[in-house]
Amino acid sequence: MEIKLRPYKTEDTQAILDIINYNILNSTALYDYNIRSYEQQQAILEEKIAKQFPVIVAELNGVVVGFGMYSDFRFREAYKFTVEHSVYVNNDFHGKGIGKILLQELIQLAKKQSLHTMIGVIDAENQSSIDFHEKFGFKTVGIIKESGFKFDRWLHSVFVQLILE
């Protein structure tokens with residue numbers, strides 16, 4: 001199994017949308033309630049690229065099986081060296097190291113852009129994602145209790161941070 005990473009292309013939008021919408025409907029990885037349209041997802045991706053932030057995809061045999069990106073953490077000027085990242089893998093391909101490859105690449109890209117800090121915001125129920133990030137040196141730096149409400153229950157947001165060296 002050879003996973004190839006490459007920059008996002010417009011024709012990847014549907015595969016990314018499928019991954020996003022699956023997570024909206026079936027997980028707390030995204031705190032959205034409603035699935036996104038193709039146009040909404042494409043606009044989100046194009047906005048990141050326009051701001052010089054990477055969107056990368058993982059391919060297996062020519063099929064997009066995951067993607068990763070980062071963008072503004074906050075919109076104040078002093079936060080310009082801090083980004084919030086996201087990594088998503090198609091549910092049928094979990095456990096194959098795809099997320100690891102994507103996050104490793106995002107960390108390298110952030111270093112090349114002379115960024116200082118990467119932030120991840122993870123639902124507290126997703127202990128596997130918290131553990132995954134810890135393997136890369138991310139530290140839990142805060143928990144915002146009852147910051148989201150989905151699937152008829154309150155959710156807690158865990159903030160993880162990696163200071164790039």
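Which residue in β5 stands opposite threonine 82? In this predicted model, the residue facing threonine 82 is threonine 117 of β5. Strands β4 and β5 run in the parallel sense, and their pairing extends over 3 bridges. Between these two strands the chain passes through α3, and the resulting β-α-β crossover is right-handed. Strand β5 also pairs with β7, here in the antiparallel sense and over 7 bridges. Within the pairing of β5 and β7, methionine 118 has leucine 162 of β7 opposite it. Burial of β5 is extensive, with 6 of its 7 residues buried.

Methionine 118 also belongs to the largest nonpolar core, which has 26 residues. The residues with the most contacts inside this core are Tyr70, Ile98, Ile107, Met118, Phe138 and Leu164. Two or more residues each are given to the core by β2 (55–60), β3, β4, α3, β5 and β7. Helix α3 supplies the largest share, 7 residues. The contacts of tyrosine 70, not counting residues up to four places away in sequence, include Val83, Glu84 and His85, as well as Leu106, Leu109 and Ala110. Tyrosine 70 also touches Lys48, Phe53 and Pro54, and its list of contacts is completed by Gln113, Leu115 and Met118. Another core, of 13 residues, lies apart from the largest one and has Tyr8, Ile19, Ile24 and Val55 among its members.

Helix α4 (residues 127–134) was examined next. Its buried residues are Ser129, Ile130 and His133. Viewed down the axis of α4, these residues fall within an arc of 100°, so they line one face of the helix. The buried residues of α4 pack against the strands β4 (82–89), β5 (117–123), β6 (139–150) and β7 (153–163), and also against helix α3 (98–112).

The aromatic rings were then considered. Across the whole structure, 5 aromatic pairs are found. One of them, formed by phenylalanine 67 and tyrosine 88, is stacked, with 5.5 Å from centre to centre and 25° between the planes. This pair links distant parts of the chain, since phenylalanine 67 is in strand β3 (residues 63–72) and tyrosine 88 is in strand β4, 21 residues apart. Phenylalanine 67 is buried, with a relative accessible area of 0%. Tyrosine 88 also counts as buried, at 10% relative accessibility. Phenylalanine 149 and tryptophan 154 form a further pair, with ring centres 4.9 Å apart and planes at 65°, so this pair is edge-to-face. Phenylalanine 149 is partly exposed, its relative accessible area being 36%. Tryptophan 154 is likewise partly exposed, with a value of 48%.

The last site described is glutamine 42, located in helix α2 (residues 38–50). Glutamine 42 has a relative accessible area of 23% and is therefore partly exposed, as the buried class requires a value under 20%. Not counting residues up to four places away in sequence, glutamine 42 touches Tyr8, Thr10 and Thr13. Of these contacts, Tyr8 is also a member of the core of 13 residues. The C-alpha atom of glutamine 42 is separated by 8.7 Å from that of glutamine 14, although the two residues are 28 residues apart along the chain.

Notes. Residues are numbered from 1 along each chain as its sequence is written. This is a predicted model: local features need pLDDT of at least 70, side-chain atom pairs count only at pLDDT 80 or more; totals for chains, interfaces and linings use all residues. Side-chain values use heavy atoms; hydrogens and water are left out. Buried means under 20% relative accessible area, exposed over 50%, partly exposed in between (1.4 Å probe, protein chains only). Helices (H or I, at least four residues) and strands (E, at least two) are DSSP runs, numbered from the N terminus. The arc is that of the directions from the helix axis to the C-beta atoms. Contact means heavy atoms within 4.5 Å. Rings of Phe, Tyr and Trp (its six-membered ring) pair if their centres lie within 6.5 Å; planes under 30 degrees apart count as stacked, over 60 as edge-to-face and the rest as tilted. Two strands pair if DSSP finds at least two bridges between them. A crossover is right-handed if, with the strands pointing away from the viewer, the path from the first strand over the helix to the second runs clockwise. A nonpolar core is a set of buried Ala, Val, Leu, Ile, Met, Phe, Trp, Tyr and Cys residues joined through side-chain atoms within 4.5 Å.
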